[in-house]
Amino acid sequence: MRRTTRRNHRVMSAATASGATSESHRSVRKWTGGAVRKWAVALAIGLLAAAAPRVASAGGAGTHLLVEANLGLGIAPVTYLGPAFAYGGLVGIGGKFRDFPLRFYFVTGADSISFSGEGSNPYTGTGFTAERTYVDIFGGLRLLLPIYDQIRVYADILGGAAYIDDTVTRADGPTVTKQDWFAEFIGALGLQYRWHEMASTGIRAEVLFGSQDAELLDTYAGEGDGGGVRFSILVTQSWHI
């Protein structure tokens with residue numbers, strides 16, 4: 001009886017020890033699995049943070065080189081020419097003073113737009129067709145101000161020269177053409193969203209004042225001197241270095 005009791009005691013002790021060992025192994029596996037998952041999540045977050053594009057803060061240091069491409073719609077200074085696509089670009093160099101939010105850039109660039117249209121002389125009723133191309137070459141100053149988070153506003157004060165190539169063909173007379181250069185002034189306002197440290201996207205509105213326009217051709221078409229003021233609304237893509 002004593003042998004049987006001792007044998008049973010040894011079996012129970014072994015079983016208890018085995019159960020304790022299994023429970024210990026399960027605890028270790030559970031702890032190890034949880035730690036591995038936590039490290040995996042931390043590593044994934046770290047990789048995403050490292051891969052995410054850096055965004056320049058509004059109060060950060062300014063960049064020094066600017067490259068910008070523009071595409072949009074232009075409105076001619078006369079009613080017989082319909083709206084047309086305008087495109088162009090500019091480059092600039094500048095920066096900011098320490099502890100002063102306003103950025104200064106000296107910029108230079110070029111734009112182009114080609115209008116076409118048709119109409120009739122309001123005095124004679126004579127029909128005509130017309131085509132007009134502008135090429136603007138300009139330079140000047142951009143003032144850029146961060147206003148909230150990654151949003152910036154800017155104003156351009158520019159001067160330069162424009163080349164015009166204009167043709168009006170009337171049904172009752174010969175075709176009249178004019179090619180000329182004239183001085184112009186450009187004022188623009190823009191809004192940008194700086195979605196990356198080196199890139200921003202925005203919208204730009206500009207007005208272009210010419211010292212002269214195709215007065216002879218506008219008179220030939222029956223619209224007086226045509227004014228000489230053009231407007232453009234453009235989508236911009238900028239790169240900052």
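**A strand-rich chain and its buried salt bridges**

Of the 241 residues in the chain, 34% are buried, a word reserved here for a relative accessible area under 20%, with exposed meaning over 50% and partly exposed in between (1.4 Å probe, protein chains only). The model is a predicted one, in which local features need pLDDT of at least 70 and side-chain atom pairs count only at pLDDT 80 or more, while totals for chains, interfaces and linings use all residues. Residues are numbered from 1 along each chain as its sequence is written, and side-chain values use heavy atoms, leaving out hydrogens and water.

The chain holds two helices and eight strands, taken as DSSP runs numbered from the N terminus (helices: H or I, at least four residues; strands: E, at least two). Along the sequence, their pattern reads α-β-β-β-β-β-β-β-α-β. Contacts (heavy atoms within 4.5 Å) often span the sequence: among those with a separation of 6 or more, 66% are between residues 24 or more positions apart.

A good place to begin looking is strand β1. Strand β1 (residues 65–75) pairs in the antiparallel sense with strand β2 (residues 84–96) over ten bridges; pairing requires that DSSP finds at least two bridges between the strands. Here G74 has A84 in β2 as its bridge partner. Strand β1 also runs antiparallel to strand β8 (residues 229–240), again with ten bridges, and A69 is partnered by Q237 in β8.

The whole structure contains eight salt bridges, each being a side-chain nitrogen of Lys or Arg within 4 Å of a carboxyl oxygen of Asp or Glu. In one of them, R142 joins E68, with the closest N and O atoms 3.0 Å apart. Because R142 lies in strand β4 (residues 127–148) and E68 in strand β1, this pair ties together parts that are 74 residues apart in sequence. Both R142 and E68 are buried.

Another salt bridge brings together the side chains of D166 and R132 (2.8 Å, N to O). This pair links distant parts of the chain, with D166 in strand β5 (residues 151–170) and R132 in strand β4, 34 residues apart. D166 has 0% relative accessibility and therefore counts as buried; R132, at 0%, counts as buried too.

A further salt bridge connects R204 and D156 (2.6 Å, N to O). Its partners, R204 in strand β7 (residues 199–210) and D156 in strand β5, are 48 residues apart. R204 counts as buried because its relative accessibility is 1%, and D156 counts as buried at 2%. Through salt bridges that share partners, E68, R142, D156, R204 and E206 form one network.
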